[in-house]
Amino acid sequence: MRFGWIGLAGLAPLLLLGCVSGDDRPEPRRPAAKTARKPRPAPRAPEPPTAETRQCLADLDADRVDYRTLPTQDFGGGCVVVGAVQLLDIGVPVSGLKSMRCPLARNFSNWVRYGVAPAAKQMLGSDLVRIESYGTFNCRPIAGSGRLSEHGRANAVDIAVFVLADGRRVSVLNGWQGADDQRRFLRTVFKSACRRFTTALGPEYNSAHANHFHLDMGGRPLCR
Ligand SMILES: [Zn+2]
């Protein structure tokens with residue numbers, strides 16, 4: 001893990017982001033007893049990370065991604081979060097990221113760095129400066145089904161907007177059927193997501209995804 005990822009000039013937008021999602025700020029490590037003021041999630045005994053998680057954390061270190069590891073948490077209703085991290089710096093600020101299972105975080109970071117950012121530069125002619133997400137963890141069933149969403153395992157992320165250095169906001173909602181260059185860019189990064197995530201769902205899938213890409217590392221391969 002490393003720090004010092006922003007200069008003073010970068011502080012103002014970050015502070016703004018902090019206002020939008022103030023509870024995303026990393027908290028200093030505290031003794032377990034002090035977390036008791038939150039009734040949920042139920043604290044669990046610390047568990048050693050699995051080999052998969054250890055490898056994934058090593059990958060994040062090698063990729064110079066800044067993150068913090070999160071303890072295993074059981075939110076009830078099957079929503080157990082194991083081997084999760086919170087991404088702090090992947091090179092491009094992303095709003096709304098909370099806990100993500102490590103492989104999701106790793107693939108997301110790689111998608112942004114090696115898929116989205118180069119595509120923005122090449123196809124839209126401007127640097128990618130921010131991504132807006134609708135979040136990661138959310139303990140809920142898949143809409144219209146009784147099955148737990150991958151969000152309930154911190155194994156999914158919803159991406160809504162790509163912001164460029166020239167001020168353009170390329171949103172899934174408006175850009176998917178928008179100007180030609182934005183349509184091509186969004187389809188390119190969506191296809192790229194299909195290669196990096198198990199499941200990638202977008203506006204063509206159903207109306208619930210008209211305004212975001214749902215990307216997850218669940219068991220069912222699907223790209224639509
Ligand atoms: Zn989703």
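These notebook entries record what I looked up in a predicted model of one protein structure.

**Entry 1. The zinc site**

I began with the metal and asked which residues are the protein donors of the zinc ion. I found H151 through NE2, D158 through OD and H214 through ND1, lying 2.0 Å from the zinc ion. Along the sequence, I noted the spacing of these donor residues as H-x6-D-x55-H. I then located two of the donors in the fold: D158 belongs to strand β9 (residues 156-164), while H214 belongs to strand β12 (residues 213-216). These two residues are 56 residues apart in sequence, so the pair ties together separate parts of the chain. I also checked whether D158 and H214 are buried or exposed. Both D158 and H214 proved to be buried.

**Entry 2. Helix α5**

Next I compared the length of helix α5 (residues 180-196) with expectation. At 1.5 Å a residue, its 17 residues should span 24 Å. I found the end C-alpha atoms 25 Å apart, which agrees. I then listed the buried residues of α5, which are Q182, F185, L186, V189, F190, S192, A193 and C194. As background, I recorded that an α-helix has 3.6 residues a turn, so residues three or four places apart point the same way.

**Entry 3. Salt bridges**

How many salt bridges does a search of the whole structure find? The search gave nine. I reminded myself that side chains of opposite charge can pair when their charged atoms come close.

I looked first at R101 and E52, whose side chains meet in a salt bridge at 3.7 Å, N to O. This pair links distant parts of the chain, for R101 is in strand β7 (residues 100-101) and E52 is in helix α2 (residues 51-62), 49 residues apart. R101 counts as partly exposed because its relative accessibility is 23%. E52, at 47% relative accessibility, also counts as partly exposed.

I turned next to R168. Its side chain meets that of D166 in a salt bridge of 2.9 Å, N to O. R168 also forms a salt bridge with D181, where the closest N and O atoms are 3.5 Å apart. R168 lies in the loop between β9 and β10 (169-171), whereas D181 lies in helix α5, so the pair ties together parts that are 13 residues apart in sequence. I noted the relative accessibility of each residue: D166 has 45% and counts as partly exposed, R168 has 26% and counts as partly exposed, and D181 has 26% and counts as partly exposed.

I closed this entry with a network of salt bridges, which links R130, E132 and R169.

**Entry 4. A sheet and its helix**

Finally, I asked in what order the three strands of the open sheet lie. The order is β2-β5-β7, and the pairing is antiparallel. I marked β2 (66-69) and β7 as the edge strands, since each pairs on one side only. Strand β5 (residues 84-89) is joined to β7 by two bridges. I looked up V85 and found that its bridge partner in β7 is M100. Helix α2 packs on the sheet and touches β2, β5 and β7. The direction of α2 makes about 155 degrees with that of β2.

Notes. Residues are numbered from 1 along each chain as its sequence is written. This is a predicted model: local features need pLDDT of at least 70, side-chain atom pairs count only at pLDDT 80 or more; totals for chains, interfaces and linings use all residues. Side-chain values use heavy atoms; hydrogens and water are left out. Donors are N, O and S atoms within 2.8 Å of the metal (3.2 Å for Na, K and Ca); water is not among the atoms, so sites may look incomplete. Helices (H or I, at least four residues) and strands (E, at least two) are DSSP runs, numbered from the N terminus. Buried means under 20% relative accessible area, exposed over 50%, partly exposed in between (1.4 Å probe, protein chains only). The expected span of a helix is 1.5 Å times one less than its number of residues. A salt bridge is a side-chain nitrogen of Lys or Arg within 4 Å of a carboxyl oxygen of Asp or Glu. Two strands pair if DSSP finds at least two bridges between them. Contact means heavy atoms within 4.5 Å. Axes are lines fitted to C-alpha atoms, for helices over the stretch in contact, and angles run from 0 to 180 degrees between N-to-C directions.
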